[in-house]
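Colleague: Mind if I quiz you on this one? Pull it up and we'll go through it together.

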Amino acid sequence: MKENRKAEWDAMRRQQEDLESIVTAPAFDRKAFLTKTDAIEDTRAKSRRANAEAIADLAEKLSAEERRLLVD
């Protein structure tokens, strides 16, 4: 799992670098910019979903009282 998270962070870092290159290019490419921002949002959504899945996996193993302690 840790290797997957590192791969996700590396991918997000590369996407941010790509976006910076698009924004700072001599000529602004609107289509490339919007395509890259869509890809970044997709990657972020997948990361948030993976986090939710991990929390759900853990929550299934906890009692209601233990889950309450997590949210308090």
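Colleague: Is L58 buried, partly exposed or exposed?

Modeller: This is a predicted model, where local features need pLDDT of at least 70 and side-chain atom pairs 80 or more, while totals for chains, interfaces and linings use all residues. Numbering starts from 1 along each chain as written, and side-chain values use heavy atoms, leaving out hydrogens and water. Buried means under 20% relative accessible area and exposed over 50%, with a 1.4 Å probe and protein chains only. L58 sits at 46%, so it counts as partly exposed.

Colleague: Which residues form a nonpolar patch with L58?

Modeller: Patch members have over 30% relative accessible area and no salt bridge (Lys or Arg side-chain nitrogen within 4 Å of an Asp or Glu carboxyl oxygen). Nonpolar side chains (Val, Leu, Ile, Met, Phe, Trp, Tyr) are joined within 5 Å, like charges within 9 Å. The patch has about 330 Å² of accessible area (Shrake-Rupley, 1.4 Å probe, only the protein chains shown as cover). The partners of L58 are L70 and V71.

Colleague: What is the distance between the end C-alpha atoms of α2?

Modeller: Helix α2, the home of L58, covers residues 30-60; helices are DSSP runs (H or I, at least four residues; strands are E, at least two), numbered from the N terminus. The expected span is 1.5 Å times one less than the residue count. For the 31 residues of α2 that gives 45 Å, which agrees with the end-to-end distance of 45 Å.

Colleague: And which residues in α2 are buried?

Modeller: The cut-off is under 20% relative accessible area, as above. In α2, the buried ones are K36, I40, T43 and S47.
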